[in-house]
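Me: Please take a close look at one part of this protein, the stretch that carries a domain annotation. I would like a connected account, with the confidence of the prediction included.

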Amino acid sequence: MVFAGPRTFSRRRQISLSAVPADQRWAQLKRQFDTIDSDGDGFITHAEFTEHFPHLPAEAIGALDGNADGRR
Ligand SMILES: [Ca+2]
């Protein structure tokens, strides 16, 4: 199959997410967030984000700031 439609994607995602318990996924996400949040203030600034992902285009980084406060 060349095209992966929504149903196929959803099924793959469910399999992937259910393979790891929710508490472990949450802990992994928290560790990743804390790695990027270098000053530990609970927010990821543009500078912190670009330090970890220097090759992302500005448009991609800007799209993450939903309320345009400069933090993620
Ligand atoms: Ca921070």
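Reply: The annotated span comes first below, followed by two of its helices and then the confidence values.

The model is predicted. UniProt, in an unreviewed entry, places the feature "domain: EF-hand" at residues 24-59. In the model, 61% of that span is helix and 0% is strand, and its end C-alpha atoms lie 31 Å apart. The protein as a whole has four helices and zero strands, which read along the sequence as α-α-α-α.

Helix H2 covers residues 22-36, 15 residues in total. From its first C-alpha to its last, H2 reaches 21 Å, close to the 21 Å expected at 1.5 Å a residue. How many of the 15 residues of H2 are buried? The number is zero, so H2 lies largely in the open. For the whole protein, 1% of the 72 residues count as buried.

Helix H3 is made up of residues 46-52, and Glu51 is found in it. Glu51 counts as exposed because it has 12 C-beta neighbours inside 10 Å, and the cut-off for exposed is 12 or fewer. Glu51 can also be placed relative to Ile36: the two are 15 residues apart in sequence, with their C-alpha atoms 8.2 Å apart in space. Ile36 is the residue at which H2 ends.

As for confidence, the mean pLDDT of the protein is 78, and 72% of its residues reach 70 or more. Among the elements, H2 has the highest mean pLDDT, 94, while helix H1 (residues 6-18) has the lowest, 55. Over residues 1-8 the pLDDT is below 50, and beyond near neighbours in sequence this stretch has one contact in the model.

Conventions:
Residues numbered from 1 in each chain as written. Predicted model: local features only at pLDDT ≥ 70, side-chain atom pairs only at ≥ 80, totals over all residues. Helix = DSSP H or I, 4+ residues; strand = E, 2+ residues; numbered from the N terminus. Buried ≥ 20, exposed ≤ 12 C-beta atoms within 10 Å, placed from the backbone. UniProt positions renumbered as here; feature names shortened; annotations may be inferred. Expected span 1.5 Å × (residues − 1). pLDDT = per-residue confidence, 0-100. Contact = placed C-beta atoms within 7 Å.
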